[in-house]
Every structure is written in C-alpha cells, then in structure tokens.
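Me: Could you take a close look at one part of this model for me, the loop residue you find worth starting from, and then work outward to the pockets and the overall fold? I'd like a connected walk-through, please.

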Amino acid sequence: MTRRELVNAPLLQAANGQTPSRTPVWFMRQAGRSLPEYLKVREGIPMLDSCFMPELLAEITMQPVRRHDMDGAILFSDIVVPLKAAGVGVEIVPGRGPVMDQAITSRADVDNLPILDHHVEEVAKGIEIILGELKDTQALIGFVGAPFTLASYLVEGGPSKNHEKTKAMMHGDPETWHALMRRLVPTITTFLRTQVEAGIDAMQLFDSWAGFLTEADYREHVLPYSVEILETVAGEIPRIHFGVATGELLGAMSEAGSEVMGVDWRVPLDVAAKRFASPRVLQGNLDPAMLFAGTDVVREEVTRIKAEAARAVEVGDATGHIFNLGHGVLPTTDADAITEAVRIIHEEA
C-alpha cells in the first residue's frame with residue numbers, strides 16, 4: 001500500500017526531530033477500560049477475540065482519539081496477539097492477564113513453539129478502517145510486545161511477580177533461553193510487518209517486564225533481539241521503545257535503535273536523556289495516578305515535564321518531545337480527567 005503523507009501531524013513532526021505545531025500527546029492504554037463506550041462495545045466479547053474483529057478493534061482504537069483530541073491513535077491490541085495468531089494456546093483472564101495453556105519448560109517445548117508465518121488479515125483490515133477515519137494530523141501507532149516480555153509469559157505460564165522461572169532459564173539454561181528468543185523474533189516481526197504494510201505511521205516496542213533485569217542481563221539476553229526487531233522497519237516509520245521501571249536500562253535500551261525513547265514517571269526527562277547512548281526524541285512521562293489529583297496538579301506536572309524536556313533539547317541530550325504518561329491509563333481513571341489533561345498539554349507553552 002502507499003503510506004499516508006502526513007506533513008502536518010504533530011506526533012510525526014516531533015518523532016522526526018522537527019518542531020511540531022503543538023505538543024503532540026497520546027496515552028498508553030488510552031483505548032480501553034477507562035471509557036464507558038469501550039465497556040459497551042466490548043460487552044460479552046473476550047479481550048483477545050476483540051483484537052481479531054476488524055470493525056471492533058478499529059472502533060476501540062478510535063474512541064479515545066475522538067473523545068480526547070489525541071494526536072495519535074494506538075492500535076488496540078495485546079502483546080500476546082501474535083502468539084494467538086501463530087496458534088499458541090493463550091487467553092487473557094480478567095483480573096490476571098495473559099495465561100498460557102502450557103508453559104515452556106524445556107528445549108523441546110521451544111522447538112515446538114509455533115511461529116507466525118502469515119500476515120494477520122483481521123488486524124490489517126482493522127488498520128484500513130482506522131486510517132479511513134483518522135485526520136491527516138493524527139498518526140496511527142502500531143504496537144508489538146518485546147521478546148523478553150513474551151518469553152516471560154511463556155516460561156512462567158502467565159503473569160509473574162518475580163520472574164523466577166524466566167531468570168532460572170536465562171541463567172541456568174542459556175542455550176534454551178536464546179533458542180526461545182530466536183524463535184519469538186520472527187513471530188513478532190511478522191506481526192509488525194502486517195501493521196507496517198497495512199499503513200501504520202509509527203510503532204512502539206513495549207517491554208512490560210524488562211525492568212526486572214540488571215543491565216548486564218538485559219544486554220546479553222534481550223538487547224540483540226530487540227535490535228533485530230527494530231531493524232526490520234528502520235527507515236520506514238518512526239520507532240518508539242518503552243519499558244516499565246527501566247530507568248537503569250535506558251542507556252542500553254537506547255542502543256536498540258529507536259528514534260524515540262519512552263520514559264516512565266520514575267525518572268525526570270532531562271535526567272533520562274543524559275543516559276541515552278545518543279540524543280533521542282523523548283516520550284513521557286506523567287504519572288498516571290496524577291490524573292486522579294485534579295486539574296491544578298495536572299497543570300503543574302505538565303509544566304514541569306515540558307520544562308524538563310525543553311532543558312534536555314536545549315543542551316543537546318534530546319531532539320524533541322512527545323507527551324505521554326509514564327505507563328498506561330489506569331482503568332478507574334475518569335475519562336473527563338483524561339480529556340482535560342490533553343487540553344492542558346496542548347495549551348501549556
């Protein structure tokens with residue numbers, strides 16, 4: 001397909017190191033449980049099923065863009081969607097998260113793990129619908145989970161508080177660990193190519209659990225595979241890289257190759273930028289809990305965060321700023337508070 005030419009989209013202007021017409025903003029998990037219209041359209045439909053229903057995933061993706069005046073839509077999906085598309089037995093259990101039919105415990109399990117070898121047409125069709133509704137000032141951000149987080153779900157059999165089985169395999173049986181990572185990369189890249197060829201304008205590689213690792217472990221057991229995934233779309237679209245609680249890993253993560261580095265709320269943006277291997281566009285980093293604290297607090301936090309980003313740009317540590325939360329929208333967030341926060345972000349100098 002021919003990708004949209006978005007010369008006036010603030011998010012893409014910022015991602016490319018240009019000066020946007022206004023501070024671009026989108027929020028991780030902006031599409032979903034915080035919106036009553038989402039709960040209505042999803043009623044009775046399992047989470048993963050909704051990710052494979054083109055009209056529904058398009059509608060859910062667009063809901064926050066319409067309501068909040070976001071500069072970017074984030075494709076409604078889940079990090080385990082490519083696993084499901086490949087034939088892995090996985091379901092998202094309400095209140096718990098992705099749960100595997102069978103955990104990976106051996107090299108034989110790794111060798112038998114299905115690999116996604118085809119485009120996910122339902123997702124591509126959903127993207128086509130979304131692009132038909134977005135304005136030419138609004139970017140569509142694609143989404144894939146990073147291989148470490150997917151591997152951890154597979155090895156643990158579901159969400160884990162300590163990732164002890166994951167780390168035990170990583171250190172006690174590194175050959176099996178690396179075999180698992182090598183097997184996951186083509187599934188992730190195939191799902192990413194589905195999105196790119198359907199016309200997404202940017203992408204984010206999301207590593208939910210990387211913050212549980214030391215820098216040394218990240219560099220040896222994770223970084224090469226994230227590099228490989230990001231390289232598959234180099235020069236095609238802007239790439240965003242984000243992980244939770246990864247302040248100590250920002251230097252290593254910035255070496256994976258993305259143009260934009262997401263920063264969670266724990267590290268000030270100007271401090272984060274000094275940790276990067278080379279200047280990047282900053283993304284972040286309002287604490288999602290601040291959306292519960294009232295308009296005055298949000299305005300104060302937005303002013304602070306913008307000032308931190310501006311300082312980083314001024315001294316040459318960063319090349320721009322996309323406003324976001326420091327993690328996803330919390331499910332009990334008042335939708336009107338999100339709208340008000342976006343208004344303040346757009347208005348504040």
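Reply: Happy to! Let's start with F52, which counts as buried because its relative accessibility is 18%, and the cut-off for buried is under 20%. Please keep in mind throughout that this is a predicted model. F52 sits in the loop between α3 (47-50) and α4. Leaving out residues up to four places away in sequence, F52 touches V81, K84, A85, V120 and E122. E228 makes a useful distance marker: F52 and E228 are 176 residues apart in sequence, and their C-alpha atoms are 26 Å apart in space.

Follow α4 (54-68) onward and you reach D69, in the loop between that helix and β1 (72-74). The backbone of D69 deserves a look, since its phi is positive, about 65°, although D69 is not a glycine. Most residues other than glycine have a negative phi, and most peptide bonds are trans. D69 is partly exposed, with a relative accessibility of 34%.

H163 also has a positive phi, near 60°, and is likewise a residue other than glycine. You will find H163 in the loop between α8 (147-156) and α9 (164-172). What is the burial state of H163? At 0% relative accessibility, H163 counts as buried.

There is also a peptide bond to check: G284 and N285 are joined in cis, with omega at about -5°. N285 belongs to strand β8, residues 280-286.

Two further loop residues help to fill in the picture. L249 lies in the loop between β6 (239-243) and α13 (250-254), and its relative accessible area of 2% makes L249 buried. Setting aside neighbours within four places in sequence, L249 is in contact with A210, G211, L213, T214, E215 and Y218. For the last of these, Y218, the C-alpha separation from L249 is 7.7 Å, with the two positions 31 residues apart along the chain.

S106 is in the loop between β3 and α6 (107-111). With a relative accessible area of 26%, S106 is partly exposed. Taking E121 as a partner, the sequence separation from S106 is 15 residues, while the C-alpha atoms are 32 Å apart.

Now to the pockets. Rolling a probe the size of a water molecule over the atoms shows where empty space is left. The largest pocket has a volume of about 1,200 Å³. Its lining is made by 38 residues, and R29, R33, M47, S77 and D78 are the ones that lie nearest the centre. The elements that give two or more residues to this lining are α2 (36-42), β2 (90-93), β3 (97-100) and β5 (202-207). Of these, α2 gives the largest share, three residues. In chemical terms, the lining of the largest pocket has 24 nonpolar, nine polar and five charged residues.

The second largest pocket holds about 290 Å³ of space. It is lined by 15 residues, with T19, P20, V313, G320 and H321 lying nearest its centre. Here α15 (295-314) and β9 (318-325) each supply at least two lining residues, and α15 has the largest share with four. The lining of the second largest pocket divides into six nonpolar, seven polar and two charged residues.

Finally, let's step back to the whole protein. Its secondary structure comes to 16 helices and nine strands. The radius of gyration is 19 Å, close to the 20 Å that the globule rule gives for 349 residues, so the protein is as compact as a globular protein of that length. Along the principal axes, the C-alpha trace spans about 55 × 45 × 40 Å. Of the 349 residues, 59% count as buried, and F52, where we began, is among the buried ones. The contact pattern is worth noting too: among contacts with a separation of 6 or more, 74% are between residues 24 or more positions apart. On the outside, the protein exposes about 13,600 Å², and carbon and sulfur atoms supply 50% of that area.

Note on methods
Residues are numbered from 1 along each chain as its sequence is written. This is a predicted model: local features need pLDDT of at least 70, side-chain atom pairs count only at pLDDT 80 or more; totals for chains, interfaces and linings use all residues. Side-chain values use heavy atoms; hydrogens and water are left out. On a 1 Å grid over the protein atoms alone, a cavity is a set of points where a 1.4 Å probe fits but cannot get out, and a pocket is an open set with protein on both sides within 12 Å along at least five of seven lines; lining residues have an atom within 4 Å of a point. Grid points are joined across faces, edges and corners, and a volume is the space filled by probe spheres set on the points. Ala, Val, Leu, Ile, Met, Phe, Trp, Tyr, Cys and Pro count as nonpolar, Asp, Glu, Lys and Arg as charged, and the others, Gly among them, as polar. The radius of gyration is taken over C-alpha atoms; the globule rule is 2.2 Å times the number of residues to the power 0.38. Buried means under 20% relative accessible area, exposed over 50%, partly exposed in between (1.4 Å probe, protein chains only). Contact means heavy atoms within 4.5 Å. Accessible areas come from the Shrake-Rupley method with a 1.4 Å probe; for residues, only the protein chains shown count as cover.
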